[in-house]
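Student: I'd like to walk through this model feature by feature. Could you give me the general idea each time, and then the case at hand?

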Amino acid sequence: MLERFLHAFLSLPAVWVVAAVFFLSAAETALFLGFIIPGELAVILGGVLASRAHVPLPAVLAASVAGPILGDSIGYYLGRRYGENVAHKRRRKRWASAQRWVRTKGAPAVFLGRFVAFVRSFIPAAAGVSRMPYREFFPWNAAAGVLWGAGSALLGYFAGANFEAVAHATGWVGLALLGIAIAIFVGIRFFGGRR
């Protein structure tokens, strides 16, 4: 299935590539599609096609950033509106851990959750169910969307010809981006606390 998806994605016209990057990165959290097709695969492939001059890089970057931010916001509102009913019965365990993580970590869980595959599908809805104020949710969501979206698209862009190897390495990239995000968060907390 993955090979067919890759082939189909690479044969799309430029406008459809940008639309696919936007939609798949948004649907991952808005419609919980992250279990079927991870949004970061579409974003990385968009970067690959930009490196081959098939798609303009600025368009891919815009779609890679706007998609996750909008998708997370929709997921947040679905969680806030429908509460516990947004969770699928077979995903109850992951849903419970996402809610626990949001309750213990607060808004930074929104930022950190973006960098963990599968967890990112639940975090926005869990934040909505937890009644986290949207004004608290959005800045963390936007910061994560910019770092994750631009980072994944640029990874695909610079990897270019070796995109198959990059597609298999996305798990490691997510962990590396999570490490960077944690370092930034700890630095902000440490220096903010000292002031």
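Student: Let's begin with empty space: how many cavities of 30 Å³ or more does a search of the whole structure find?

Tutor: The general idea first: rolling a probe the size of a water molecule over the atoms shows where empty space is left. On a 1 Å grid over the protein atoms alone, a cavity is a set of points where a 1.4 Å probe fits but cannot get out, and lining residues have an atom within 4 Å of a point. Grid points are joined across faces, edges and corners, and a volume is the space filled by probe spheres set on the points. Here, the search of the whole structure turns up one cavity of 30 Å³ or more. The largest cavity holds about 30 Å³ of space.

Student: Before we go on, what sort of model is this, and what is left out?

Tutor: It's a predicted model, where local features need pLDDT of at least 70 and side-chain atom pairs count only at pLDDT 80 or more, while totals for chains, interfaces and linings use all residues. Residues are numbered from 1 along each chain as its sequence is written, and side-chain values use heavy atoms, with hydrogens and water left out.

Student: Which residues line the largest cavity?

Tutor: Asp 72, Val 110, Gly 113, Arg 114, Arg 120, Ile 123 and Pro 124 line it. By type, that lining has three nonpolar residues, one polar and three charged. The classes go like this: Ala, Val, Leu, Ile, Met, Phe, Trp, Tyr, Cys and Pro count as nonpolar, Asp, Glu, Lys and Arg as charged, and the others, Gly among them, as polar.

Student: Which helices supply at least two residues of that lining each?

Tutor: Helices (H or I, at least four residues) and strands (E, at least two) are DSSP runs, numbered from the N terminus. For this lining, α6 (108-113) and α7 (119-129) each give at least two residues. The largest share, three residues, is from α7.

Student: How many helices and strands does the protein chain have?

Tutor: Nine helices and zero strands.

Student: And how do I check a helix's length?

Tutor: Take 1.5 Å times one less than its number of residues as the expected span. For α3 (residues 39-51), with 13 residues, that should be 18 Å, and the end C-alpha atoms are 19 Å apart, which agrees. Helix α4 (residues 57-82) has 26 residues and reaches 37 Å from first C-alpha to last, close to the expected 38 Å.

Student: Is α3 mostly covered or mostly open?

Tutor: Buried means under 20% relative accessible area, exposed over 50%, and partly exposed in between (1.4 Å probe, protein chains only). In α3, 12 of its 13 residues are buried, so "mostly covered" fits by that definition. Among them are Glu 40, Leu 45 and Val 48. Over the 195 residues of the protein chain, 47% count as buried.

Student: Where is Gly 149, and is it buried or exposed?

Tutor: Gly 149 belongs to helix α8 and counts as buried, at 0% relative accessibility. Gly 149 and Glu 40 are 109 residues apart in sequence, yet 7.9 Å apart C-alpha to C-alpha.

Student: Where is Pro 38?

Tutor: In the loop between α2 (14-30) and α3, and Pro 38 is partly exposed, with a relative accessible area of 34%. Its C-alpha is 8.2 Å from that of Phe 118, 80 residues apart along the chain.

Student: What should I look for in phi?

Tutor: Most residues other than glycine have a negative phi. Ala 53 has a positive phi near 60°; it lies in the loop between α3 and α4 and counts as exposed at 69%. Arg 131 also has phi near 60°, in the loop between α7 and α8 (134-159). Gly 83, following α4, has a positive phi near 60° too.

Student: Last topic: which arginines lie over rings?

Tutor: A charge sits over a ring if NZ of Lys or CZ of Arg is within 6 Å of the ring centre and within 35 degrees of the ring normal. Arg 81 has its charged end over the ring of Tyr 82, 5.1 Å from its centre. Arg 114 lies over the face of Trp 148, at 4.5 Å from the ring centre, and Arg 114 is also one of the residues lining the largest cavity.

Key
On a 1 Å grid over the protein atoms alone, a cavity is a set of points where a 1.4 Å probe fits but cannot get out, and a pocket is an open set with protein on both sides within 12 Å along at least five of seven lines; lining residues have an atom within 4 Å of a point.
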